[in-house]
Structure formats: C-alpha cells, structure tokens
Amino acid sequence: MTQDPQAASGARPIDVRSSSGIAVFTGTTFLSAVLLFSVQPMFAKMVLPLLGGAPSVWAVALLFFQGALLVGYAYAHVLVRYVPAHLTGFVHLAVSASALLALPIAIPAGWTSPPPGDAYLWQLALFTVAIGLPFVAVSANAPLIQAWYARTGLPSSADPYFLYAASNLGSLLALLGYPFLFEPVFGLKTLALVWTIGFVGLMGALAACFMIVRRSGPARPQDDALAAAVPARPEPDWRARASWVGLAFVPSALLTAFTTHVATDVASAPLIWVIPLALYLATFVVVFRERALIPPRLLLALHAVATVMALLQLAQVEKETWFYAAGFGIGAFVTATLVAHRTLYESRPDARHLTEFYMWMSVGGVLGGIFAALIAPQIFSEVFEYPLLLALSFACRPGALNLKGASRNSLVLLAAIVVFAAAVIAWAPDIARHYQIGFGGWGSTAGIAAGFAVAALALWRFPPHMLVVALGLYLVVVLLPSGVHRGTAQRSYFGVYRVIQSYDGQFNVLQHGTTLHGAQRIRDRYGRNVASTTPVTYYHIYGPMASAVRLTSSIAAAMRVEPKFGVIGLGAGSLSCYAGSGETWRFFEIDPVVVEIAKSKNFTFLSNCQPKADIVLGDARLTFAKEPAESYDLLIVDAFSSDAVPMHLLTSEALSMYASKLKPLGAGVLHISNRYLDLEQVLAATVPTVPGLHALAIVDPSEDDGYSVTGSTVVVFGTSMEAIDRFRALPGARNLPAPELKPWTDDASDVLGPFLSQYRKRH
C-alpha cells in the first residue's frame, strides 16, 4: 500500500490556506484545459468552409494541436529549467499578454483561398498564423502549473501528476460541450469574444498561482520530507526517454487512424471525431493516477481480447455490420490507449523532471500525428495505418520489447513464429481456394486471421511473442482481401475512394467512404458486356435530379434559348449524360482524384457524353462565387464527403450566394439524402432566412432496385415562385415542413437537432 506523503512527513492536517491553494491550482488547470480544447474545434469550424468539410481537416487540426502542444511543453521545460524560479511567472505572463495581439480568433486577411488539391501544409500554416501564439501560451500551462505546484509545499506537491487528470477532465468537458452547447448557444463570432474574455481571466488565475508560489519562498524542510515519502525514481536516461516517445506515439497515431477508419469504413456521421478524442482524454483520467481505476491484469486481458477481435472483424467482409465494426473498434481503441497511457504513467520520473517528461510525451504525440495525418495518406491507398497501430499497441504492454535475458528457447520460438507466419500468409489462401474451404461463409482471410488470433491469445503471457503474432495478423488483414482491402482504392486529402464491382458483376460502383457516389452498368443481367451511358442510382432517368434537368431543357427549348447548367460535385460523372445539344454545362469539383476517377476506364459517362467537360477545381463556395450573377438556369448541388455533409454548402449565406447566380426564372436543386441528419428540416428553417427565396421538396417515389434505382430527396429553390411552381408537377413534390430546428449559418450550425430529428423519423 502506498503511504500518504502528508502522513509520512508528519505535516499538520490540511488547513484552509492549503485547501484554497489547491483550489486555485486545480481551477486554473481546469480553465486552461477548457480554453485549449475549445479553441481547436472553434477554429477548425471557421476553416471548414475553405476546405470543403473534408475529414482531413480534423486530422490536420489534430496534428497542429500536437505540434503546438510540443512547442508549449518545450517552452515550459526551458522556462522551468533555465529561468530563475522567482521570474518564471513574469516571463509566462508576458508571453500570454503578447498572445492577446492574435485575439479575437478569426481567419487572417489573405488566407481565404486554399490551393487546389491537397491542402495539408496550407492548413497547418493557417492554424499557425491564426492561433499559434495563444495556443502555445495556453498549452504550456499544464506542465508549468504542475511545476509551480511542486514548489509550494502544498499536499501532494512532491507528486503533482494528479493535476494532469484535472486538466484532461476540463479538456473532456470542453470537447463534449463545444458542438452541443458552446457553438449552438453563442455562435462562432460571439464564442471568439467569449474565448478572449476567458483567456484574460486565465491570465489572472495564473498570476494568482504564481503569487502562491512566491509566498511559499525557497524549498522548506516540509518539501524535502514530502519528496522523501514518494518512492524514488531513477534518473531518466535515453532509453527511458525513447520509451516515453514510443508510448505516446502509438495512442496519438491510433487516435487519428481510428477516427479516419470510422469516418471512412464504418459511418461518417457528423462530428464522429468527438467520440474518439473524448475517449482518448478519458483514458488519462482513468490511468494517470497512483491507483488506476482498472486493475492492471484485467486491463491487459481486455486489451488482448478487444484488439484481436477488432483485427478479426477487419479481416472479413461477409458478415459486416455497423454495430460490430464500431463496437470492436471502440473496445480496441480504448483498451490500447489505456494500456499505453498506464505504462507511460508507470514510467514517469520524479517531479524534478516533470516538464521534460511532458515534453517527450508531446514529441511522441507529434510524431504519431505526423505519421497518421501526413505520412499514412501518402503511402497507403486505404486506411492501413489503423490495423497497423492496433498491432503495434501490443508493443506498449509491459515487457513487450524486452528481450534482455530471454532464453535460447524463447528466441528460437520467436524466430519460428516469424517463419511460420510468413508461410501461412503466402500459401494458406491458395490452399483454401484449392480445397474450397470457405470457413463457414466468413471467407478465407477471416479463417486465416482466426488462427493468428488464437495464437496471440495463447501467448498472452509472453509479450514479445504476442507482438510478433499481432503483426502477422496485421499482414493478413492488409495483404489479403479484407474489410480494409477491397476493390481499387485511391486516397486524397478529402477521403478514400473505392471502385468495386457489385456482387452480381453488373455494375462498377464508386464509394466515398461508406457512401454510394455513383455507378455504371458494365454487364446486362445475362452477363454480357455493355457500354451503357444511362445514369443509375440517384441519377436514374425518373429521379428528381434527372427530372429537373429535363424540365429545364424543355422550358429552354420552348423559349428558344440555350440553357446553362451548373453541377457542384462530379462523382462518377453520371449527370453529364443528360446534356443536350447546344447546352452549356460546368462542373465544380473540389478533389482532383474524383476527376481522375470519373475520367478513368471504370466510368465512361464523361468520355462518351462530355469528353471535353468544363470542370472547375476547388471548393464550390469559393469557385462558384466567382461565376457571373444571374447566369444559370439550373444548379445541382450534390457534394458530400462520404455521409458527412459539407455544412458550409447548406448555410443561409451559401443559399444566398447560389440564388444570386440563378437567372430570374432559374432554380437550384440540393441533393439532401442523408442517413443521419434531417436536412429537409434544416432547409425548412434556413430558406426563410434568405429574403425572396422560395423552395419545395421532392421525395423520389421510385422503389429501390439495387444499383439501377436508388431513391433520393432533393430541395428545389429559386427567387421566383413561378419557377418553383413548375416543379410541383414532378412526382413526389411537396412543400417544405414547418420548421422545428434552428437555421444553419456560417456562424452556427446545430447538428444535434437534425440528428435527433432524423433518429425520431427512423424509429
């Protein structure tokens, strides 16, 4: 049992002054964490309209967060180590005061047009210029406040790591509170001012903490007694520092990789990134304490089972469900992160090296972020980094990398495992195919993976061997057909695109993450090759979008004018085959990879119907805004990042901009089919905020028929009631419902309300 330092030192019981001192330090730590974890999503939301709402915006935002955190921790370490203790507060308050020059937070002038294509470095530069200084100033507080507390002689001052749990609790509350409370209540502009006020209040709290430190004076006998009561820890060497980096690297990279995996291969629901980051922070609260809330042996057992099951689930595609994919993934992510952070806590140094410990932790976090956010998308065509990091989490188990003193038999077994695993991966698929072994309908990859899974669990008392088997299981998942290795995949800043064939072999299908984005028939029902240019899925000839095009073309023909069409979101190029003679069509697409796919041999809509298609690259909020006023007869907005809606394309400001580009009798069509959000209710609330705008909804009455026909819902809008009334004759047309939600604006977009509204409709 660990002895209480206060009792061991013979110090008198905690008095009121001690209690108030603890409250000041804890409150300051908490406030600092709230500010730190609210500025990140706040500024990311400001940036989203510039970057098309891509999932990579959050991945790069995490990387900036980790990099700025490293700078802040390094600054705190230098401050504590090289600046006299009685001056550190003055220096830090001066740095914080200089950060006021960057407030309130906003997009800087001249940073409104990102480059076409990948925008990783541009986004990092934007974050650095806009919020770099205040972010670094706030991020330095966690280690600095703990270092100050260690000098006060207050209870637990010899081991002040408990404040880190308070910091992560504040971070967790800020993260969960931002999308559901802060932004809906305040809006971005007001929230930026509130954040500035909070920052000034934090400076006052820091001054109060530093005054307590200065009143404590030099080290007192009580401080020495407190330090003596805490078990001595060895001086950190480079091996210890490398372990800190590695133990921080794996969970940091896994955070980004798991978020990307969920958004790509499970369900790209809005704000899906909140869940992994909240769980990541919660693990610090659970295990960064003297006595972890979960017994170590139980935690190691849970980690082994959960991670092996998650890798097994990735190995198959035959019996895939959202529930199991998400459940196993969350279990593996949480337990892997708990194991890494607990091992990290157990290896912590004494309070004299506190700031250095956090600095090396942050180095690992940055390297993990760089790998998952920047390197992995360049070297992997699919989200292979996720199963890799799951396997590497076994290296975070105590003793996993320690072969010192291993017996000869143990080393021979390790080598035998490597050779046997390579042989199984190379030959087992052919053997299963030759003997028609289907493993009960789960597929050969799942059967092979099951063998590795059983071996990993059988070796759980031997961490190095377990790690090697886990890496073999990873190779099974990424080298053989599996849940993360299927079809022809291409990856960009905006997501993972797969071109697969339908199960019956009749269609080439384009998927962006988990969402269907187009298909083309390549064989008829008898298996004969065909060169069909008839659009299918949402774009079938009787669907709302096709009907809107035909109606516009017929009206233009009757008036003897040549109509102009605009399409935001290219997809497979399906709509291009509705173009008629003499018509002008222009496509607006944010991702060059999508253009490449639409022009590939897998899809021939463009090559057959509009071989010289006019395609404008860039985010439509920026590129379409440059189009002449009142120049379009019909605009179709069909841009989605998997199933996560680019909210900036559906705000009041966006609708106003679209309307300004329509001819007096022109119309816009918004494709709003969505599994998670009630976008019809969103537009019912948002359309009335644009003066003179009228709208109606069209729900496709067609029954789904595989890839041939996929139902859709659209909203038609325009500045002329006469133009809107023309669409009332189309099947499925109806008025928008009475608004029950808040309108979406660039300043505030409530996601919880539409999510709950859609949930109620489905249940």
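**Helix α16 and the second largest cavity**

Helix α16 bends by about 40° at Trp 427, with a proline, Pro 429, following within four residues; the bend is the angle between axes fitted to the seven residues ending at a position and the seven starting there. The model is predicted, with local features requiring pLDDT of at least 70 and side-chain atom pairs pLDDT 80 or more, while totals for chains, interfaces and linings use all residues. Residues are numbered from 1 along each chain as its sequence is written, and side-chain values use heavy atoms, without hydrogens and water.

The end C-alpha atoms of α16 (residues 408-434) are 38 Å apart, in agreement with the 39 Å that its 27 residues should span at 1.5 Å a residue. Among the buried residues (under 20% relative accessible area, 1.4 Å probe, protein chains only) of α16 are Ser 410, Leu 414, Ile 417, Ala 421 and Pro 429. The buried residues of this helix pack against α17 (444-458) and α18 (463-479). Just after α16, Gln 436 adopts a positive phi of about 55°.

The structure holds 8 cavities of 30 Å³ or more, a cavity being a set of points on a 1 Å grid over the protein atoms alone where a 1.4 Å probe fits but cannot get out. The second largest has a volume of about 390 Å³, volume being the space filled by probe spheres set on the points. Its lining (residues with an atom within 4 Å of a point) comprises 31 residues, of which Phe 65, Leu 69, Tyr 73, Tyr 164 and Phe 284 lie nearest its centre. Helices supplying at least two lining residues each include α2 (16-51), α3 (56-82) and α10 (238-266).

Key:
1 Å grid on protein atoms, 1.4 Å probe; cavity = no way out; pocket = protein on both sides within 12 Å on 5 of 7 lines; lining within 4 Å. Expected span 1.5 Å × (residues − 1). Buried < 20%, exposed > 50% of the residue type's maximum accessible area, 1.4 Å probe, protein only. Contact = heavy atoms within 4.5 Å.
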